[in-house]
Amino acid sequence: MAITEQILTGSAVDDCLNDIASLRIEIFREFPYLYDGRREDELHYLKLYSLTPDSFVIIVKEGEKVAGAATGMPLRHEATELVEPFSGTSYPVEEIFYVGELLFYPEHRNRGMGMQIVRMIEEHVRSYSTYRYLTCATVVRPDNHPLRPSDHIPIDRFLVHTGFNLLPGITTSFTWLETDGVRRSHPMNFWIKELQV
C-alpha cells in the first residue's frame with residue numbers, strides 16, 4: 001500500500017490525537033523509555049499541538065493505517081525542564097524549534113521513512129522564517145541495563161546521520177512511571193541541528 005505523510009496544524013490536529021496517543025503508549029513502553037503511559041495523560045499533552053502557535057504533527061499512513069507520527073512546537077512553549085537548560089547558552093530559546101517525537105510502529109521501521117519525515121520537519125520549520133535550530137532530547141540508559149534488547153540500536157545513530165549534534169553539558173531530567181510500576185527520574189541529553197536557510 002502507498003505511504004502518505006500529512007502535516008496537520010491547529011484544530012486539524014484534533015482528528016488524530018487518539019492515533020498519536022496509541023502510538024506513544026505502545027512505542028514508549030519499549031526500551032529505552034519503558035514508559036507506562038495513560039491515555040488521558042497523552043491526550044491532555046497532545047492537545048497542546050492543536051492550541052500552540054507554530055506547532056504541528058505529521059501523520060504517516062500506509063493505506064488507512066497509521067504507521068508513525070512526528071510532533072513539533074517552538075521550544076519556548078515547551079515544559080520548563082526543556083527550556084531552562086538553554087538559559088545562558090549561545091542558543092536563543094526563541095530561535096529553537098523542539099521536535100517532540102518521531103515514532104514508527106515496528107513493522108514500519110528501517111524503511112527510510114524517518115529520513116523523509118526529518119526533511120519534512122526541516123522544510124516546514126524553515127517556512128516560518130523564525131527558527132534557526134531544531135532540537136530534541138533523548139533518554140540516557142546504561143549499556144548494561146537489564147531490559148536493553150540485544151538488538152537495540154540507539155537513536156543516536158539516526159540523529160547523527162540526519163545532521164544532529166549532541167550538546168555537551170546541556171542536559172535535563174524527567175520523572176515518569178515505568179512499566180514495572182516504579183516512578184524514576186531519567187537524565188536526558190539534548191541534540192541540535194542548525195537549519196540551512
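Modeller: Buried means under 20% relative accessible area, exposed means over 50%, and partly exposed lies in between. The model discussed here is a predicted one.

Biologist: How does Lys65 count: buried, exposed or partly exposed?

Modeller: The relative accessibility of Lys65 is 49%, and the class in between runs from the buried cut-off of 20% to the exposed cut-off of 50%. Because 49% falls in that class, Lys65 counts as partly exposed.

Biologist: Which residue does the side chain of Lys65 meet in a salt bridge?

Modeller: Side chains of opposite charge can pair when their charged atoms come close. For Lys65, the N to O distance in the salt bridge is 3.2 Å, and the cut-off for such a pair is 4 Å. The partner, which is partly exposed at 44% relative accessibility, is Glu107.

Biologist: How many residues apart in sequence are the parts that Glu107 and Lys65 tie together?

Modeller: Lys65 lies in strand E3, whereas Glu107 lies in the loop between strand E4 (96-104) and helix H5 (113-126). The pair therefore ties together parts whose separation in sequence is 42 residues.

Biologist: Strand E3 also pairs with strand E2, so which residue of E3 is the bridge partner of Val57?

Modeller: Strand E2 covers residues 56-62 and strand E3 covers residues 65-74, and the two pair in the antiparallel sense over 7 bridges. Val57 belongs to the E2 range, and its bridge partner in E3 is Thr71.

Biologist: Which strands stand at the edges of the sheet?

Modeller: The sheet is open, its 7 strands follow the order E1-E2-E3-E4-E5-E7-E6, and the pairing is mixed. Each edge strand has a single partner strand, so one side of each is left without a neighbour in the sheet. The two edge strands are E1 (3-8) and E6 (165-177).

Biologist: Is Asp36, which forms a salt bridge with Arg38, buried or exposed?

Modeller: The closest N and O atoms of Asp36 and Arg38 are 2.9 Å apart, and Arg38 counts as partly exposed at 35% relative accessibility. For Asp36 the relative accessibility is 17%, and because this is under the cut-off of 20%, Asp36 counts as buried.

Biologist: What is the distance between the closest N and O atoms in the salt bridge of Asp143 with Arg148?

Modeller: Asp143 counts as exposed at 65% relative accessibility, while Arg148 is partly exposed, with a relative accessible area of 26%. Between Asp143 and Arg148, the closest N and O atoms are separated by 3.6 Å.

Conventions: Residues numbered from 1 in each chain as written. Predicted model: local features only at pLDDT ≥ 70, side-chain atom pairs only at ≥ 80, totals over all residues. Heavy atoms only, no water. Pairing = 2+ DSSP bridges. Helix = DSSP H or I, 4+ residues; strand = E, 2+ residues; numbered from the N terminus. Buried < 20%, exposed > 50% of the residue type's maximum accessible area, 1.4 Å probe, protein only.
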